[in-house]
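Subject: Structure for your review

Dear colleague,

I am handing over the structure shown below, and I would be glad if you could look through it alongside the notes that follow.

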Amino acid sequence: LPVPTITHLVFPDEMDGYNVQILTQNFTFTPSAINKDVVENKGHAHLYINGEKISRVYGDWVHIPSNLLVAGANAVSVTLNANDHSEWAKDGKSIGSTVIVVKPESGASNSSE
């Protein structure tokens, strides 16, 4: 099978925080198969902020409340994971994506880079 790929975009949310759009190729989200046998190129994602796991993600959009980010630069990362939660990898390197989001000193959301 072709190797899965991922990238993601982060958009300020007008009400609070940020919305994350996860863009994958050669990968299918299968939330009903969580904790079951590993199936190639299927599973879910894990969302990390500044290296700390925040949640599992079962589709291509997720919301991040502003209170999960610190003022200034934040690394928002998403990894592709198998049904057993192991990370998909190629050549020993995790298949994931990281975007730097800059939260203003005062305010819910601002820009992403």
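Two strands are taken as paired if DSSP finds at least two bridges between them, and the elements themselves are DSSP runs numbered from the N terminus, helices being H or I over at least four residues and strands E over at least two. On that footing, strand β7 (residues 72–81) pairs with β10 in the antiparallel sense over eight bridges, and within this pair Ala75 stands opposite Ile100 of β10.

Please keep in mind that this is a predicted model, in which local features need pLDDT of at least 70 and side-chain atom pairs count only at pLDDT 80 or more, while totals for chains, interfaces and linings use all residues. Residues are numbered from 1 along each chain as its sequence is written, and side-chain values use heavy atoms, with hydrogens and water left out.

As for the overall picture, the protein has zero helices and eleven strands. Its C-alpha atoms fill a box of roughly 45 × 30 × 20 Å along the principal axes. The radius of gyration, taken over C-alpha atoms, is 14 Å, which agrees with the value near 13 Å for a compact globule of 113 residues, the globule rule being 2.2 Å times the number of residues to the power 0.38. Buried residues, meaning those under 20% relative accessible area (exposed is over 50%, partly exposed in between, with a 1.4 Å probe and protein chains only), make up 39% of the 113 residues. Where contact means heavy atoms within 4.5 Å, 59% of the contacts between residues at least 6 apart in sequence join residues at least 24 apart.

Turning to the sheet at the start of the chain, the three strands form an open sheet in the order β1-β2-β6 with antiparallel pairing. Strands β1 and β6 (61–64) stand at its edges, each with a single partner strand, so one side of each is left without a neighbour in the sheet. Eight bridges join β1 (residues 5–12) to β2 (residues 18–25), with Thr7 opposite Leu23 in β2, whereas four bridges join β2 to β6, with Tyr18 opposite Ile64 in β6. The hairpin of β1 and β2 has five residues between the strands, and Gly17 there takes a positive phi near 70°.

Two residues other than glycine also have positive phi. Asn26, in the loop between β2 and β3 (28–29), has a phi near 60° and counts as partly exposed because its relative accessibility is 37%. Asn50, in the loop between β4 (42–49) and β5 (52–57), has a phi near 50° and is likewise partly exposed, at 38%.

Which residues touch the most other members of the largest nonpolar core? Such a core is a set of buried Ala, Val, Leu, Ile, Met, Phe, Trp, Tyr and Cys residues joined through side-chain atoms within 4.5 Å, and of the 22 residues in this one they are Ile22, Leu47, Ile64, Leu69 and Val101. The elements that give two or more residues to this core are β1, β2, β4, β6, β7 and β10. Leaving aside neighbours within four places in sequence, Ile22 is in contact with residues including Ile6, Phe29, Val57 and Val78. Val101 also belongs to the covered face of β10 (residues 96–103), together with Ser97, Val99 and Lys103, while Gly96, Thr98, Ile100 and Val102 make up the uncovered face.

With kind regards
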